[in-house]
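Biologist: Could you take me through the ligand site and the charged pairs of this structure, step by step?

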Amino acid sequence: MSVQEIPEGIGDLAPEVQATYDDAVRLSDKVVVDGKLTSALTDETFENVNPAWLNVIGSSPRCREADVDHTVAVAKKAFRSWSRVTAKERGDLTRKLADIIEEHADDIARLEALENGNAYTTQARPELDITIEVLRLFAGFASELKGNTVPWLDGTLHYTTRDPIGVVGAIIPWNAPVWLWACKVAPAIVAGNTVVVKTAEQAPLAVLKCTELAQQVLPAGVVNTISGFGEECGKPLAEHKDVRKITFTGSCPVGRQIMQYAADKLCPVTLELGGKSPNIVMPDADLDLAIPGVITGMRFSRQGQSCTAGSRLFLHKDVADEILERTVAAMKNLKIGDPLDPESEIGTIVSQEQFDRVTRYVELARETPGAEILCGGGRPDDPALQKGLFFEPTLIKGVPHESPCAQEEIFGPVAVVFEWDDFTTVLNRANDTEYGLAATLWTRDLNHAMRFVDEIEAGLVQVNQYGAPVSNVAYGGLNQSGLGKECSLESMLEHFTRSRTVIINQGTPDPAINV
Ligand code: NAI
Ligand code: MG
């Protein structure tokens, strides 16, 4: 790797932070293929940059077709034996995997915070808890891999099976990489598939470490992780003829491309894509709940880098002033700082590219007549935060509904605010985007709540809370926000298995009708 840089001005590293830097070096230029942390076939690499200080912490193989081919071949070979391991045993091993991840949770979380800027205390470490939960959840579903039997028909036994599909290609993003790794790997392997994961170029290390740890319990080749760029590595993985299922989380345009890659080989895909989700407050809402709900809904403690972020706020005009005043005060109290500082509640935007993208949307709002930045709008003043990709939580009011700021996924700590006074109009507005991922309504009125639930176009609909998807509640977007569900028993059965129909005839003559 290129030389690791310890940033000037950072002071003495705490021992656990030093250990994280050391781990990044150890994992540098490596993939996990066929049971081992090993070199890739390619010599090309790309740098891993810590977004809090813009220093180089390591580097990763820039895998292309050759590494994809090799890794898929390894996974295909492992599939032959893994698919014959009993489902119970696969569940037991996945439970052991959860235990190992739990043992190393602090270290994995620190590595994630170092590479993607998610604050350790509020984001990266809690992400490990839900990762472990997801692994254990799917481990327990092993006993559910069963088909249906049809009652005895004319001396024939009819039944269906639940079989693994083969090699799964999993392409993941950088915003919650470890949890998304588990959401894809756990159902895939419990169902008897093997997996090739392609990490996001902005956050390959924590997932690589998880995959390395997985080798302590899983047979070689069952879970493999390679790194590289979208077109160079993700595309050949998605197109590979031996990849028989693709699971993707990321942007809408890439999701649409993935579906095209899959079309030629009739390969099933699940796509978890973006959103521009509405968060609507009624005049009768309990504001003591709704105001913190605006902040958690925006996922400000993950710098707004969440597909479910409630990034369009619709406040009833009678309560808008009070909500904005109290929300802005609460936002200003959130502590922005080095993601590895346990006191920090907000870390950094993941990359210069995303920082510039967020900045462009805020600039567009500034140039829009009538628009107003109520809070935030750029880098914080704190002299200690001038180097890294820190961005204040931001509220913008007064952009037109058609503005790109109000229609496109910003994927940063920026929400747009609208005032409203007619429920039908606000529901129409809320539905008027290409997305359909999440939506929340705050109200004490059951009629409004039920009408909202009926009419809102969103895959995750909530009333009086703006939580994240919970394990074992199937989750996924409508419209351009995705295809298929994740995180539940049904999603494992529907998306990570295939089924055969079996008829065993015990001597009845063939039925007369043949189809
Ligand atoms: P992206 O969709 O380009 O990247 C996500 C993953 O897809 C990465 O692993 C990337 O290498 C891979 N990829 C990219 N192009 C590919 C291709 N042609 N074939 C196969 N794989 C490919 O997202 P990016 O560029 O990191 O972020 C851009 C925007 O996407 C964000 O601003 C946000 O709006 C959205 N996004 C949404 C996420 C979500 O959780 N739904 C996560 C990350 C990004
Ligand atoms: Mg991209």
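**Salt bridges and the ligand site**

Modeller: A search of the whole structure, which is a predicted model, finds 27 salt bridges.

Biologist: Which parts does the pair of Arg125 and Asp106 tie together?

Modeller: The side chains of these two residues meet in a salt bridge, with N and O 2.6 Å apart. Arg125 belongs to one helix and Asp106 to another, so the bridge links parts that are 19 residues apart in sequence. The parts tied together are helix H5 (residues 120-140) and helix H4 (residues 105-116).

Biologist: By how much of a helical turn are Glu239 and Lys235 separated?

Modeller: Glu239 forms a salt bridge with Lys235, the closest N and O atoms being 3.5 Å apart, and Glu239 is partly exposed at 38% relative accessibility. Both residues lie in helix H8, four residues apart, and therefore their separation is about one helical turn.

Biologist: Which residue has a polar side-chain atom 2.6 Å from an oxygen atom of ligand 1?

Modeller: Five of the 30 residues around ligand 1 come nearest, among them Trp174 and Lys198. A nitrogen atom of the ligand is 3.0 Å from an N or O atom in the side chain of Tyr261, so that contact is not the one asked about, given that it involves a nitrogen atom of ligand 1. The residue with the 2.6 Å distance to a ligand oxygen is Glu409.

Biologist: Where does ligand 1 lie with respect to the domains?

Modeller: The protein covers 91% of the 800 Å² of accessible area that ligand 1 has on its own. Both domains give residues to the shell around the ligand, so ligand 1 lies between domain 1 (16-48 + 56-273 + 477-500) and domain 2 (278-463).

Terms used
Residues are numbered from 1 along each chain as its sequence is written. Chains are lettered from A and ligands numbered from 1 in the order in which they are written. This is a predicted model: local features need pLDDT of at least 70, side-chain atom pairs count only at pLDDT 80 or more; totals for chains, interfaces and linings use all residues. Side-chain values use heavy atoms; hydrogens and water are left out. A residue is near a molecule or strand if one of its heavy atoms lies within 4 Å of it. A polar contact is a pair of N or O atoms within 3.5 Å; within protein, one must be able to donate a hydrogen and the other to accept it, and residues adjacent in sequence count only if both atoms are side-chain atoms. Accessible areas come from the Shrake-Rupley method with a 1.4 Å probe; for residues, only the protein chains shown count as cover. Domain bounds come from an automatic or database domain assignment. A salt bridge is a side-chain nitrogen of Lys or Arg within 4 Å of a carboxyl oxygen of Asp or Glu. Helices (H or I, at least four residues) and strands (E, at least two) are DSSP runs, numbered from the N terminus. Buried means under 20% relative accessible area, exposed over 50%, partly exposed in between (1.4 Å probe, protein chains only).
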